[in-house]
Amino acid sequence: FFTIRDSEVYDNDDDGIEIRLHKLKGDTRLDIVIRRNLITGNREDGLQLIDYPGKSNRSFRIERNVFAGNAMAGIGCMPDGDTKEKFSGADLLEPVFILNNTFLDNPYAITGGDNMVLLNNVIAGSKKVALKRIHGDSAAGVNLLWNNATDLDACDLRSDAFVSKEPRLDKNFKPMAGSPCIDAGEASFEYNGETLELPRDTFSGKAPDLGAFEHGR
């Protein structure tokens, strides 16, 4: 179990956070939680996941972070041990849960990813593509997409639950009164025969707000 939380990761010359998915030794399992971080202004990706052949015994829970103003991707996946960002995405088999994050003003918000779950995110102002190459066993529930040059590219996600409204966030990325993000999320989501449940103490209204922050908290 490994956690990166409650940190500011900003203005790095390369990626804010880079994780290489080498095969783990023996029966080692590594659950990686990236939670409540402000990841901004990095000169490449905010977070880069670098794939290697096969599936390693890892999982990722990326939750309630802000990815804003990074120069390449908010979250970028790259194949074959390559760290040089080409916005190609990767055959990433490890489960990646991307929950209640805010992506703002990145050229690409997320490049996937064959086993991603996207839920309750705000994705706005992507200068190129909001979601690219998220397919395979990936799934998406409610997410807000607004003012992106292109919302979806080479994805096979169901998008019927997507919200297309101005998120109305303040300068601290929090939903203002009257924001369509308030109580618009899902606390339970079924995908590929499994059920994801968000703990009740992680949101304050009748349902989770969309994005990294709850209104009034």
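**Entry 1: terms and ground rules**

I began by fixing one term: a salt bridge is a side-chain nitrogen of Lys or Arg within 4 Å of a carboxyl oxygen of Asp or Glu. I note that this is a predicted model, in which local features need pLDDT of at least 70 and side-chain atom pairs count only at pLDDT 80 or more, while totals for chains, interfaces and linings use all residues. Residues are numbered from 1 along each chain as its sequence is written, and side-chain values use heavy atoms, with hydrogens and water left out.

**Entry 2: salt bridges**

I looked up the salt bridges and found that the structure holds 11 of them. One of them joins R36 to D6, with the closest N and O atoms 2.7 Å apart. This pair links distant parts of the chain, since R36 is in the loop between β4 (30–35) and β5 (38–40), D6 is in the loop between β1 (2–5) and β2 (8–10), and the two are 30 residues apart. The strands named here, like helices, are DSSP runs numbered from the N terminus, with at least two residues (E) for a strand and at least four (H or I) for a helix.

I then checked accessibility, where buried means under 20% relative accessible area, exposed means over 50%, and partly exposed lies in between (1.4 Å probe, protein chains only). R36 counts as partly exposed at 41%, and D6 is likewise partly exposed at 47%.

Next I looked up R35, which forms a salt bridge with E63, the closest N and O atoms being 2.9 Å apart. Here R35 in strand β4 is linked to E63 in strand β7 (residues 58–63), a separation of 28 residues along the chain. R35 is partly exposed, at 24% relative accessibility, whereas E63 is buried, at 7%.

The third pair I recorded is R64 with E214, whose closest N and O atoms are 3.2 Å apart. Because R64 lies in the loop between β7 and β8 (66–68) and E214 in the segment after β20 (194–197), this salt bridge ties together parts that are 150 residues apart in sequence. Both R64 and E214 are buried. I also noted that salt bridges with shared partners join R35, R61 and E63 into one network.

**Entry 3: aromatic rings**

I took rings of Phe, Tyr and Trp (its six-membered ring) to pair if their centres lie within 6.5 Å, with planes under 30 degrees apart counted as stacked, over 60 as edge-to-face and the rest as tilted. By this rule I have four aromatic pairs. Among them is the stacked pair of F87 and Y108, at 4.3 Å centre to centre with 15 degrees between the planes. F87 lies in the loop between β9 (73–78) and β10 (96–99) and Y108 in strand β12 (residues 108–111), so the pair ties together parts that are 21 residues apart in sequence. F87 is buried at 18% relative accessibility, and Y108 is buried at 12%.

I recorded F189 and Y191 as another stacked pair, with 6.2 Å between centres and 10 degrees between planes. F189 is buried at 10% relative accessibility, and Y191 is buried with a relative accessible area of 9%. Together with F97, the residues F189 and Y191 form one aromatic cluster.

I looked up one more ring, that of F213, and found the charged end of K174 sitting over it, 5.7 Å from its centre; this term asks that NZ of Lys or CZ of Arg be within 6 Å of the ring centre and within 35 degrees of the ring normal.

**Entry 4: strands and overall form**

I found zero helices and 20 strands in the protein. Two strands pair if DSSP finds at least two bridges between them. Six strands form an open sheet with parallel pairing, in the order β3-β6-β9-β12-β15-β18. Its edge strands are β3 (17–20) and β18 (152–153), each of which pairs on one side only. Within this sheet I followed β12 to strand β15 (residues 129–132): the two run parallel and three bridges join them. T111 has K132 as its bridge partner in β15.

Along its principal axes the C-alpha trace spans about 50 × 35 × 30 Å. Buried residues make up 53% of the 217 residues. Finally I looked up contacts (heavy atoms within 4.5 Å): among those between residues at least 6 apart in sequence, 57% join residues at least 24 apart.
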